[in-house]
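Let's take a walk through this one together, starting with the aromatic rings and working outwards from there. Have the structure open as you read.

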Amino acid sequence: MNRRTAPALALAVVVACASLLAPAITPALAADAASRAPPIVIGHRGAPAYVPAHTLASYLLAIQQGADFIEPDLVATRDGVLIARHEPYLGGDHADVLGADATDVARHPQFAGRKKTVLLDGMRLTGWFAEDFTLAEIRTLRVNERLPALRPWSAAADGVHGIPTLEEIVRLVQRAEATTGRRVGLYIETKHPSYHASIGLPLEEALVRPLVEAGFTDTRRVFVQSFEVGNLQRLDGLLDRAGLTLPLVQLFGASGKPWDFQVSGDARTWDDLAKPLGLAFIATYADGIGPNKARVLRVSGPTSADVTSLVEDAHALGLVVHPYTFRSENAFLPGPLRQGDDPAAIGDHAGEYALFLATGIDGLFSDNPDHAVKARERLTAGD
């Protein structure tokens with residue numbers, strides 16, 4: 001584990017003078033990418049391009065499509081159980097910002113009195129929140145598709161699927177491994193750690209305990225990621241005391257700064273942390289980075305891109321790089337790779353994957369794991 005041994009600051013000096021922007025994907029860079037281990041495919045929230053996100057059905061489909069890891073985002077219930085939701089927000093008044101209601105909670109009159117307004121990482125939201133519900137109450141809710149206009153086939157399953165717990169997701173993976181004989185991992189994200197700590201529901205021990213109890217602590221099968229720095233530092237210490245060395249990954253936003261830095265007054269931004277000295281700091285508590293994919297490259301044409309030095313700089317410090325999020329609809333693809341004017345139509349996702357895989361990334365998050373797996377197959381076949 002590089003965070004235990006790497007002389008991060010010394011390495012940072014070596015790479016500090018690296019160019020912040022490379023002109024394009026060069027043959028040498030592509031050759032280096034081909035020589036590395038095949039990148040892992042992470043089913044982002046499962047396979048949400050086809051089935052509502054963060055449901056057992058979505059996770060299972062991602063596994064069936066060949067994903068090496070599935071990604072549950074975790075929030076806490078009132079009784080401290082971790083459940084898979086992208087936000088503690090379960091639904092309310094913010095479809096214009098967060099997409100369609102995440103669940104059917106508004107249809108349950110017995111919960112009408114729990115609607116409230118909170119400040120969640122600087123965003124004022126009015127609705128229902130997981131921390132006000134016990135697990136037994138959560139089990140009465142059903143999940144909705146967040147992007148029904150783009151994914152109507154997934155929206156057709158609104159009201160069908162329930163909300164799983166971390167323990168249930170682990171059992172799903174264990175059953176899939178027993179059935180397929182293939183190792184499948186969890187790539188867990190802790191959502192809004194500062195918020196959860198402020199309401200008396202800290203996430204760190206609540207996350208580690210179920211993994212230990214299930215015996216699911218193989219370093220090859222679990223990553224833990226967060227957009228907050230302090231959360232990962234606390235997890236690093238907790239894991240160390242427990243004799244565990246699960247790899248930790250620092251997520252990067254496209255702009256701004258970690259929310260715990262905002263709260264503490266730390267002046268550093270994501271841009272600062274993406275520089276060599278910032279990456280050296282990350283290497284003291286984490287094993288990789290999960291950047292917004294725009295921090296790796298920007299597509300400049302159907303087969304060309306402007307590539308930053310982020311992958312090279314991170315690799316110099318022993319950090320793996322797993323950018324997010326790859327989606328196949330035109331709405332999420334850069335202009336040169338869109339096909340037609342319909343935002344819901346499938347664009348040239350193969351072209352986007354090819355450009356990113358040529359940079360030497362170690363893995364990627366995809367809403368369409370089947371497309372990502374095919375792209376990796378083309379890479380390893382030398383096509």
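**Rings, a hairpin and a buried histidine**

Start at Phe-133: the charged end of Arg-114 sits over its ring, 5.1 Å from the centre. Keep in mind that this is a predicted model.

Phe-133 also has an aromatic partner, in one of the twelve aromatic pairs that the structure holds. The ring centres of Phe-111 and Phe-133 are 4.9 Å apart and the planes meet at 75°, so this pair is edge-to-face. It ties together distant parts of the chain, 22 residues apart: Phe-111 comes from the loop between α5 and β7, while Phe-133 comes from the loop between β8 and α6. Both Phe-111 and Phe-133 are buried.

Now hop over to Phe-252 and Trp-270, whose rings make a tilted pair, with 5.5 Å from centre to centre and 45° between the planes. Here strand β11 supplies Phe-252 and helix α13 supplies Trp-270, 18 residues apart. These two are both buried as well.

Elsewhere, ring pairs join Phe-69, Tyr-187, Phe-223 and Phe-365 into a cluster. And for another arginine over a ring, look at Arg-327, which lies over the face of Phe-332 at 5.0 Å from the ring centre.

Next, the hairpin: β13 and β14 form it with two residues between them. The strands run antiparallel and pair over four bridges, with Leu-297 standing opposite Val-307 in β14.

Last stop, helix α9, home of His-196. Its relative accessibility is 0%, so His-196 counts as buried. Beyond its neighbours within four places in sequence, His-196 is in contact with Val-75, Ala-76, Lys-191, Leu-201, Pro-202 and Leu-203.

Notes:
Residues numbered from 1 in each chain as written. Predicted model: local features only at pLDDT ≥ 70, side-chain atom pairs only at ≥ 80, totals over all residues. Heavy atoms only, no water. Buried < 20%, exposed > 50% of the residue type's maximum accessible area, 1.4 Å probe, protein only. Contact = heavy atoms within 4.5 Å. Pairing = 2+ DSSP bridges. Phe/Tyr/Trp six-rings, centres within 6.5 Å; stacked < 30°, edge-to-face > 60°. Lys NZ or Arg CZ within 6 Å of the ring centre and 35° of its normal.
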